[in-house]
Amino acid sequence: MIQKVYAIQSSTPAGMRVIAYAASLAKTLKAQFILLYAWNEYQSLRFAGSEGLSRDETERTIEKNVRFAWQNSPQCGGPSGRAQINEVQGYQHLNEVAFENDSIVVSPSTDFTRVNANVLYPFNPSYGLNPTKSIPSGNESILIPFGDRESGTHTVKSGVRFAKASGFKAIFYHTTWRNPEVASNRPTHHMNPQAKLVWEMGKRLCDDLEVEFENIIEQAEHVTDGISRTALIHNVSMIAATRDENILRGDYTLELLERRLTPVIIFGEGGLSGN
């Protein structure tokens, strides 16, 4: 279902951790692992005192150095039999790289945004955090927040498909406002009909794909706070989100990225393939 995992080359300690994270994810998903690098940035580099390397020689040297760094550096966890790099791919402008619907891009920075790509942001550098989870370690899960709009349906479908591909448990999350006309204290009784339809669709999809799931429906004071708190309490591996016109009106995705203590995967407009 997920054929490729891309990582964006970086020689910084945090960047190397992101590459190691992406490699572990590719191994979990049984996907190809592709390292992207900016060709122009490497044209003038000197490796082992050599100058004027050809593009092929540069690619091989970059791959060799990245392999050595993530397999031996304490910042990358040391030797651990991580996934091998299947391809080293150069680019002049990252926005020109065509990412498939059945692929995931692991980015070290939220500066990289693509509405037509599935992008995973492993950590928040403003908090000084590095990825805290090595994918996988058992009992992994993905938190799938949903609402009553099209973006909720999109997040649920792609999130469940990711759970199927990774073997993660799906945790559906929804926070609802209190309906003054409803006397019940159960949050599920205050959900609006459209949100319930999205929820039921997600549960049916889990049943069809044989994905384990659980449900958390509550009445949080703030949507983003509720999502972030739930992710930490349940120690989830990542939070699912979408980046489309509707959800950005509420700024929930942007807030998750700014505050995140848990990796966030934003599914592009094409989502994950259903195959």
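This is a short tour of a predicted model, moving from the whole chain to a few selected side chains.

Begin with the full chain in cartoon view, where eight helices and ten strands can be picked out. Of the 275 residues, 51% are buried, and among contacts between residues at least 6 apart in sequence, 72% join residues at least 24 apart. If you switch on the surface, its accessible area comes to about 13,200 Å², of which 46% belongs to carbon and sulfur atoms.

Next, turn to the aromatic rings, which form four aromatic pairs. Select Tyr-6 and Phe-99, whose rings meet edge-to-face, 4.9 Å centre to centre and with 80° between the planes. Tyr-6 belongs to strand S1 (residues 4-8), while Phe-99 sits in the loop between strand S3 (87-91) and strand S4 (103-106), so this pair ties together parts that are 93 residues apart in sequence. Both Tyr-6 and Phe-99 are buried.

Now select Phe-146 and Phe-172, an edge-to-face pair with ring centres 6.5 Å apart and planes at 85°. Phe-146 is in the loop between strand S6 (141-145) and helix H4 (150-166), and Phe-172 is in strand S7 (residues 169-175), so the pair joins parts 26 residues apart in sequence. Both Phe-146 and Phe-172 are buried, and adding Phe-213 to the selection shows a cluster of the three linked by ring pairs.

Move on to Trp-199, where Lys-203 lies over the face of the ring, at 3.9 Å from the ring centre.

Finish at Thr-230 in helix H6 (residues 223-233), which is buried with a relative accessible area of 5%. Leaving aside residues up to four places away in sequence, Thr-230 touches Leu-143, Tyr-173, Ile-216 and Glu-218.

How values were computed:
Residues are numbered from 1 along each chain as its sequence is written. This is a predicted model: local features need pLDDT of at least 70, side-chain atom pairs count only at pLDDT 80 or more; totals for chains, interfaces and linings use all residues. Side-chain values use heavy atoms; hydrogens and water are left out. Helices (H or I, at least four residues) and strands (E, at least two) are DSSP runs, numbered from the N terminus. Buried means under 20% relative accessible area, exposed over 50%, partly exposed in between (1.4 Å probe, protein chains only). Contact means heavy atoms within 4.5 Å. Accessible areas come from the Shrake-Rupley method with a 1.4 Å probe; for residues, only the protein chains shown count as cover. Rings of Phe, Tyr and Trp (its six-membered ring) pair if their centres lie within 6.5 Å; planes under 30 degrees apart count as stacked, over 60 as edge-to-face and the rest as tilted. A charge sits over a ring if NZ of Lys or CZ of Arg is within 6 Å of the ring centre and within 35 degrees of the ring normal.
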